[in-house]
Amino acid sequence: MIENLPILVVLAMVVFAVTIPFWKKLSFRFTLILGGIVLVSALVANVAIWNHVQANGEILFRFGGHLPFLGIEFKIDAFASMFSLFVATLSLLIYLYSSGDKTEGIEQPEFFRFYVLFFLMLFSMYGILFSNDIFNTYVFIEILSLTSCAIVSIKRKKEAYAAAFRYVMLNEIGSLSFLLGIAFLYMSTGRLNIDLLRDALHTGTIQANVWMAVAFFTAGLGLKAAVFPFHIWLPDAYASAPTTSSAMLSSIVSKMYLVILIKVYAKVFGFDLLKGSALSTLLLVLASLGMILGSVYALAQKDLKRMLGYSSVSQIGYVLLGIAFFSEAGLRSAFFHMISHGLTKAALFLAVGIVIYLKQSRSVKGFEGTGFQMPIAMSVFAVAAFSMIGIPLTSGFIAKWNLGIAAETASQFGFLVLIVVSSFLNAMYFLPILFTAFFKDPADGPQRAKPEKIPAPMLVSIGALAVMILLLGIFPDWLMTMIDVVLAGF
Amino acid sequence: MNLLTRILEQINLIGGVALFLIGLHTVVTHSNLIKKIMGLNIMGTGVFLFFVAIGNVEGGVPPILVDGNPLYINPVPSALILTGIVVSVSVTVYSLSLVVRIFQSYGTIDAAELAKKRSEVSEHD
């Protein structure tokens, strides 16, 4: 039974997505509750899958019973299972938030379309995680990039259209590069299944084609994950999207592309092939540029959501730094940082979303006195900002600590300095906001500084995120053991 | 001569990569949004041609079961590219619909003018 759960999870998402228009005819509230049930059961199923994978090893599922060289294969190992658990948890919390928010900026008739896109997005992400076939991964990537562009443009605002257009163009260049990478790989090996590809690449000599494939995979996935010089689409897209969409995009979708990057590097090519190559140097340079310049750009922003977008660029730099060492310690830090950043960025975007919901303002100035008007939202914002800076007792600290260990084991001590400098820069743009929120009176006089009413689901959602950030910061061991299980499978 | 024959043998692959680059150049440099979409399609076609060319076997016949034991060409890349074409169509439709919306709200489909109008709006705020 448990062997079939992954397929059921993927199917549940797509079936629910396409039936939303029918459910909506009954009642919108009913649809929301049904969607919640689907997501909760997906979370439960993912916990069961994780336990099963840990006890009995990976789950293999061959569609139509074809042999792997011909058919499509789902393979759920500890790596896929850990990240599907991450996706299930975060998507449930963001969904909960969206049910309380009037999904900022989306008009009433578009609500159900938003949820159709939301579930299609989840469908493609589970597909990416579970699929063990590189072309199948490409198809899921395309579904993901189309839905993520559509979820930006769903807001009937001019800026959203222009941002979505730029997003779709660059995303598509990324997808086509990925496809060309697959073509080069297929040309030299004649395989599409990831396990068979790995075997084929590790016997026989490495042709020039394989390096072309590495280059195209790196460029394509780098574009889609907004690795530093390719980040130009990101701030616009995140800033003009509705709150819940930005939270989805920054916390889950951008991580998916990094997951694929890790999958390609570690499972298809293998670290021993890439370790000595110039790729490692290139990625290290891009990662360090992203870490510093992403934060520098963020300092210059007045619009809070754009600022968070640029801060995402710098955080993706951290993850890439972890990947670029091509070592176990590096991967450990990359995994931890991805999960920690997913929680933190979701909390930040959703907390800012509450301010926008109440104040209709998104400039840093609009935060004056918000600390007293919406104490819970701003406390969550504070916790998440501390985690971003890397203050102890939050998950961000552990993530940066692990990254430091990875840099130290690779004896690249220069990166320790970079991590510290980048943390200072983070502090420089997050602390003034907290100062404005908690120590300044609102513009319309101090008498207005009393708590305001916020829908309960929104508060529960961001509260849970803050608690998780703190729990990960104080007891990181349970996640570290999970990551160790994953790393043992590589 | 040797180089020329080698180029002629691989002409499909070279053509595929050339189309990819032409398309990429169009997407990046042209400021007309429709031309950008066209560039994307050219890029896609380049990749598809490349993929199909990989599957070709010299002297092979189409992979339809016939008597005897002929040499078939590899059908897998062609089958994959069918999916690729479907994806490319949907991306084109989506981006064209975005261009319609952009034209309705900004009155232009030129990326440079669009950027100018957008910066004016943000200064006005």
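Where in chain A is A:Leu393 found? I looked this residue up at the start, and A:Leu393 turned out to sit in the loop between α16 (375–389) and α17 (395–409) of chain A. I note for myself that I am working with a predicted model, and I will keep that in mind on each page.

**Entry: two residues with positive phi**

I read off the backbone angle of A:Leu393 and found phi near 80 degrees, which is a positive value in a residue other than glycine. I then asked myself whether A:Leu393 is buried or exposed. The residue counts as partly exposed, because it has 14 C-beta neighbours inside 10 Å, and a residue needs 20 or more to be called buried.

I made the corresponding check on A:Phe326, which is not a glycine either and has a positive phi of about 50 degrees. This residue is found in the loop between α13 (304–324) and α14 (328–359) of chain A. Here I counted 23 other C-beta atoms within 10 Å, so A:Phe326 is buried.

**Entry: a proline in α16**

I went back to helix α16 of chain A, because I wanted to look up A:Pro375, which lies in that helix. A:Pro375 has 14 C-beta neighbours inside 10 Å and therefore counts as partly exposed. I also took its C-alpha to C-alpha distance to A:Ile232, which is 34 Å in space, while the two residues are 143 residues apart in sequence.

**Entry: chain A as a whole**

I listed the elements of chain A and found 20 helices and 2 strands. Its radius of gyration is 22 Å, close to the 23 Å that the globule rule gives for 490 residues, so I wrote down that chain A is as compact as a globular protein of that length. Along the principal axes, the C-alpha atoms of chain A fill a box of roughly 75 × 60 × 45 Å. I also noted that 59% of the 490 residues count as buried. When I took the contacts in chain A between residues at least 6 apart in sequence, 79% of them joined residues at least 24 apart.

**Entry: α10 of chain A and two of its partners**

Two packed helices are described by the angle between their axes and the distance between the axes. With that in mind I took helix α8 (residues 208–225) and helix α10 (residues 243–269) of chain A, whose axes are 8 Å apart and which pack at an angle of about 165 degrees. Angles over 145 degrees count as roughly antiparallel, so α8(A) is roughly antiparallel to α10(A). I recorded the crossing of α8(A) past α10(A) as left-handed. On the α8(A) side the contact residues include A:Val214, A:Phe217 and A:Leu221, and on the α10(A) side they include A:Tyr257, A:Leu258 and A:Leu261. By class, this contact has 10 nonpolar, 1 polar and 1 charged residues.

I then turned to helix α3 (residues 78–100) of chain A, whose axis comes within 10 Å of the axis of α10(A), with a crossing of roughly 170 degrees. The helices α3(A) and α10(A) are therefore roughly antiparallel to each other as well. Among the residues that meet here are A:Phe83, A:Val87 and A:Leu90 in α3(A), and A:Ala247, A:Met248 and A:Ile252 in α10(A). I sorted the residues of this contact into 9 nonpolar, 4 polar and no charged.

**Entry: chain B, and where it touches chain A**

I found 5 helices and 0 strands in chain B, and from the N terminus on its elements run α-α-α-α-α. The radius of gyration of chain B is 21 Å, well over the 14 Å that the globule rule gives for 125 residues, so chain B is more spread out than a compact globule. Its C-alpha trace spans about 75 × 40 × 15 Å along the principal axes. Buried residues make up 24% of the 125 residues in chain B.

How many residues does the contact take from chain A and from chain B? I counted 23 residues from chain A and 27 residues from chain B. On the side of chain A that touches chain B, the elements giving two or more residues are α5 (134–153) and α6 (158–189). The largest share of that side, 16 residues, comes from α6(A). I ended by sorting the residues of that side of chain A by class, which gave 18 nonpolar, 1 polar and 4 charged.

Technical notes: Residues numbered from 1 in each chain as written. Chains lettered and ligands numbered in written order. Predicted model: local features only at pLDDT ≥ 70, side-chain atom pairs only at ≥ 80, totals over all residues. Axes fitted to C-alpha atoms, helices over the stretch in contact; angles between N-to-C directions. Helix = DSSP H or I, 4+ residues; strand = E, 2+ residues; numbered from the N terminus. Parallel < 35°, antiparallel > 145°, perpendicular 65-115°, else oblique. Left-handed = near helix turned anticlockwise from the far one by under 90°. Contact = placed C-beta atoms within 7 Å. Nonpolar A, V, L, I, M, F, W, Y, C, P; charged D, E, K, R; others polar. Rg over C-alpha atoms; globule rule 2.2 N^0.38 Å. Buried ≥ 20, exposed ≤ 12 C-beta atoms within 10 Å, placed from the backbone.
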